[in-house]
Amino acid sequence: MARPTRVSRALSQNFLADRAAAGQLARLAVPHGRQTPLLLEVGAGKGALTELLAPRCRSLLAYEIDPRLVPALRTRFSRTPQVRVIGEDFLTARPPRTPFSVAGNVPFSRTAAIVDWCLRAPALTDATLLTQLEYARKRTGDYGSWTRLTVLTWPRYEWRLAGRVGRHSFRPVPRVDAGIIRIERRRTPLLDAAAYETWRQLVELGFSGVGGSLQASLRRAHGRRRVDAAFRAARLDARALVGEVPPGAWLRLHEVLAVRAS
């Protein structure tokens, strides 16, 4: 009888052992009644999620960085023609040129890098990622505050906390619970390409902390009167902290502040 594979702490491995949780993640990644043309799985592990994703995909590329797990994965899915097991680091993969989705039980220590990879992929349509619950809540505004990355990408992507998974659903059991985060590319961006540079400048300035408050930071580039008018349009209190401003209010700030004085 083969010995069980030891978990690699260096790879931040926590295998999803709860089939119900894996099913929840698969349904969110590819809703019932749909079949995605191409899906990339991050960290296939022992194949618990891969098994449930496979019937929902015309093509599934299952990435696994741990070479000890790859042979068993390939054997397990040898008769599943739409599944291709790739024994590589997902982060080294070249993004497909055709529309594709991403899903996976993300190694907690590599979450930021994986999310960044997804956001940089031009053809990505959506990503469904199982991350630390705290990360998922921060990125989706569930704490009542918003991060710079979420606001910066909001015109092109919607961020949503789609579910929670208790820590006892994993082996070994991690110290914290997990959250399912959905990142979906908008079919129609909220800003056109020409306006995105002024959006980026506005958000970067607002989150810079220069001046001690959001209002003071924006006044450095736009002047008191215009910033005051923008705050009124966005229905923001002058004392509002930058993290408390939701993306919708940032869009109203941009509407006023991006207009050049004639």
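How are helices α7 and α10 oriented to each other, roughly perpendicular or roughly parallel? The axes of α7 (residues 193-206) and α10 (residues 247-257) come within 10 Å and cross at roughly 115°. The two helices are therefore roughly perpendicular to each other; angles of 65 to 115 degrees fall in that class, those under 35 count as roughly parallel, those over 145 as roughly antiparallel, and the rest as oblique. Axes here are lines fitted to C-alpha atoms, for helices over the stretch in contact, and the angles run from 0 to 180 degrees between N-to-C directions.

The model is predicted, so that local features need pLDDT of at least 70 and side-chain atom pairs count only at pLDDT 80 or more, whereas totals for chains, interfaces and linings use all residues. Residues are numbered from 1 along each chain as its sequence is written, and side-chain values use heavy atoms, with hydrogens and water left out.

The chain contains 10 helices and 9 strands, taken as DSSP runs numbered from the N terminus (helices H or I, at least four residues; strands E, at least two). Its C-alpha trace spans about 75 × 40 × 30 Å along the principal axes. Of the 262 residues, 48% are buried, where buried means under 20% relative accessible area, exposed over 50%, and partly exposed in between (1.4 Å probe, protein chains only). Among contacts in the chain with a separation of 6 or more, 63% join residues 24 or more positions apart; contact means heavy atoms within 4.5 Å.

Helix α1 (residues 19-29) has Ala21, Ala22, Gly23, Leu25, Ala26 and Ala29 buried. These buried residues pack against α2 (48-53) and against the strands β1 (15-16), β5 (100-105), β6 (124-132), β7 (157-165) and β9 (178-185). At the N-terminal end of α1, Asp18 acts as a cap, with a side-chain oxygen 2.9 Å from the backbone nitrogen of Ala20. A polar contact is a pair of N or O atoms within 3.5 Å; within protein, one must be able to donate a hydrogen and the other to accept it, and residues adjacent in sequence count only if both atoms are side-chain atoms.

Thr150 is found in helix α6 (residues 148-153) and counts as buried because its relative accessibility is 0%. Leaving aside neighbours within four places in sequence, Thr150 is in contact with Arg139 and Trp159. A polar atom of the Thr150 side chain lies 2.7 Å from the backbone oxygen of Arg139. Thr150 is also 8.1 Å from Pro247, C-alpha to C-alpha, although 97 residues separate the two in sequence.

Pro247 leads back to the pairing of α7 with α10, where it is one of the α10 residues in contact with α7. The others from α10 are Trp250, Leu251, Leu253, His254 and Leu257, and they meet Ala195, Thr198, Trp199, Leu202, Val203 and Gly206 of α7. By class, this contact has 9 nonpolar, 3 polar and no charged residues. Within α10, His254 counts as buried because its relative accessibility is 6%. A polar atom of the His254 side chain lies 3.4 Å from the backbone nitrogen of Trp199. Not counting residues up to four places away in sequence, His254 touches Leu191, Ala195, Thr198, Trp199 and Leu202.

A second helix pair is formed by α8 (residues 214-222) and α9 (residues 224-233), whose axes come within 8 Å and cross at roughly 130°. That angle makes α8 oblique to α9. The contact joins Leu214, Gln215, Leu218, Arg219 and His222 of α8 to Arg224, Arg226, Val227, Asp228 and Phe231 of α9. By class, this contact has 4 nonpolar, 2 polar and 4 charged residues. Leu214, which lies in α8, counts as buried because its relative accessibility is 2%. Beyond its neighbours within four places in sequence, Leu214 is in contact with Gly206, Phe231, Ala240, Val242, Val245 and Trp250.

Two loops carry further backbone features. In the loop between β8 (170-171) and β9 lies Pro172, and the peptide bond from Arg171 to Pro172 is cis, with omega near -10°. Arg235 is found in the loop between α9 and α10 and has phi near 55°, a positive value in a residue other than glycine. Arg235 counts as exposed because its relative accessibility is 79%.

Conventions:
Nonpolar A, V, L, I, M, F, W, Y, C, P; charged D, E, K, R; others polar.
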